[in-house]
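The following exercises concern secondary-structure packing and strand pairing in a single model. Each task is followed by a solution worked in steps.

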Amino acid sequence: MCHPSVMMRGGGEVGRTQSRVNGARPVSDGQREAIIARARETFLRHERVEMNELAEHAGVNRNTLFRWFGGRDRILGEVIWSITEPTLDRCAQRAKGTGAVRIANVMGDFAAAANRGKAFVPFVRSEPQRAMRVMTTRAGGVHGRILDWIVSLVDAEIEAGRFRPELPVHDLAYLLLRTAEAFVYSPVITGEEPDAEKVRMAAAALLGVASEFVDPAPRAGDGAAGGAPSSRPEEAEPGALPEQHSSVQERVRCSVEGGVADVRLARAEKLNALDDAMFEALIATGQRLAADPSVRVVVLSGEGRAFSAGIEFDRLRQMRDGFQHAPSARGPIGPASATAQQAAHVWTTLPVPVVAAVHGVAFGGGLRIALGADVRIVHPSTELSLMEVKGGIVPDMTGTQLLDGLVRRDVAKELIYTGRIIDGTEAVQIGLATRCSDDPHGAAVELAREIASKNPFALRRSKVLTELAGRVSLADGSAEEQAAIASLIGTANQSEAVSANSEDRAPTFADPPTA
């Protein structure tokens, strides 16, 4: 059943491409299989797979293991694929129907098996961002193999004369897989319950099949993927995600009142240091607020003694060891494609104004999160620095790009080249911050409330126009201005603004419709 390119149960192209990097002696098939087997045993015991333990077991040092496999994500990808592939095969063997009906039933059965599985629950609960990266990006070694497997499934039905797709096979397989991922991993993506039945129905729609012709998803307690219960369910089924995922709440707190969203980095004990969970929480929070039409302004701050001390030290150690983080599983946010970039740029692309309240320190990545805001209010004694050069790297997270338009280019270069720490007063003087306050958060909330009292349609249009300034031609920018004002003149909100001003009263504005 499996496509030849994905039959790599104990090995795999992902791992093999890493075997000879940096001049390391190549890993033998026997060594490779033994390492994967050890990692699989650990994984199935619901324990964390550690590179140090695997290296010790294999009799090599940790750096050699990284050179062989390219990092912990690669090993986890091999382990997860070894569990996923036989489950897919069983679903294909047991699925009813032919052609498009059979394909839809396979997708639904696999989603049902994933939702009932037990092997992945501890993994996803303890490392949700890594789990998503490993399982839903091609770099993780699982997504691409499942995609190839679905291509082979569709090809088999085409070759048998039972199915004629309207889309290219690869495109259809990609849509089927991404749809399944959206509903299977929904606790992480949207916070909603996983729903295998929606996978089956969505697959039927993509394949042009009436929903009444596909089988309903197995009920709780049924055998794996529509068959008899597996004797080893922890190996037979890719594990279901936990019903609730709390990493967003653990890393970022958010409340909305009177149109003002109060967003706080909530890792005070670590000076709000940035780890994978923090990056994902910032992105998820930003995207949720972008979709909420009741939000008119965002205040972005950090709890405890600092805004953010920047990248967590463990992540810097990973960089030292040569670990490369996989690309973001989601699509780009504006020009930002990497997860860390998106954590900063999501605030720039938010359709409403964002005011950052910066106190304590804002170092490295922490400063770049603040640079994503439209306005930055800092305490005079706040310490700010683009200090990546001290770690032998360059500012990322769109940091080198966001400085343009805030400070002179020579000033930006000096800050980047030296990693010099400046205080809030100097930050305002050079344009890195908007203004100082002895109470940055209080001042930010006061400003946000004032902004929130204005026409929300005008605020959104104003943000678009100011972001375009200097990035498009004067002619294009002027045309956008005219389009914006034409869209506002004569509207109910514009009329209310004029009336309220002439009557010396607070206006009452309607929010944009739900997207």
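**Exercise 1.** Determine which strands helix α22 lies across, and at what angle it runs to β3.

*Solution.* In this predicted model, helix α22 comprises residues 440–452. Step one is to list the strands that it lies across: β2 (260–265), β3 (297–302), β4 (354–358), β6 and β9. Step two is to compare directions: α22 runs at about 170° to β3.

**Exercise 2.** Establish the strand order of the six-stranded open sheet and identify its edges.

*Solution.* The order is β1-β2-β3-β4-β6-β9, and the pairing is mixed. The edge positions belong to β1 (252–257) and β9 (435–436). Each of these has a single partner strand, so one side of each lacks a neighbour in the sheet. Next, consider the pairing of β9 with strand β6, residues 375–378: the two run parallel and are joined by two bridges. Within this pair, Val378 stands opposite Cys436 in β9.

**Exercise 3.** Analyse the three-stranded open sheet in the same manner: which strands stand at its edges?

*Solution.* The strand order is β5-β7-β8, with mixed pairing. Strands β5 (361–363) and β8 (422–423) stand at the edges; each has a single partner strand, so one side of each is left without a neighbour in the sheet. Strand β7, residues 383–385, pairs with β8 in the antiparallel sense over two bridges. At residue level, Leu384 has Ile422 in β8 as its bridge partner.

**Exercise 4.** Classify the relative orientation of α10 and α12 as roughly parallel or roughly antiparallel, and describe their contact.

*Solution.* Begin with the geometry: the axes of α10 (residues 169–184) and α12 (residues 196–207) come within 9 Å and cross at roughly 160°. Angles over 145 degrees count as roughly antiparallel, and the two helices are therefore roughly antiparallel to each other. The crossing of α10 and α12 is right-handed. Now list the contacting residues. Helix α10 contributes Leu172, Leu175, Leu176, Thr179, Ala180, Phe183 and Val184, while α12 contributes Lys198, Val199, Ala202, Ala203, Leu206 and Leu207. Sorted by class, the contact has 11 nonpolar residues, one polar and one charged.

**Exercise 5.** State what feature UniProt places at residues 50–69, and give the secondary-structure content of that segment.

*Solution.* The UniProt record, an unreviewed entry, places the feature "DNA-binding region" at residues 50–69. In the model, the chain over residues 50–69 is 80% helix and 0% strand. The end C-alpha atoms of this segment are 13 Å apart.

Technical notes:
Residues numbered from 1 in each chain as written. Predicted model: local features only at pLDDT ≥ 70, side-chain atom pairs only at ≥ 80, totals over all residues. Heavy atoms only, no water. Axes fitted to C-alpha atoms, helices over the stretch in contact; angles between N-to-C directions. Helix = DSSP H or I, 4+ residues; strand = E, 2+ residues; numbered from the N terminus. Parallel < 35°, antiparallel > 145°, perpendicular 65-115°, else oblique. Left-handed = near helix turned anticlockwise from the far one by under 90°. Contact = heavy atoms within 4.5 Å. Nonpolar A, V, L, I, M, F, W, Y, C, P; charged D, E, K, R; others polar. Pairing = 2+ DSSP bridges. UniProt positions renumbered as here; feature names shortened; annotations may be inferred.
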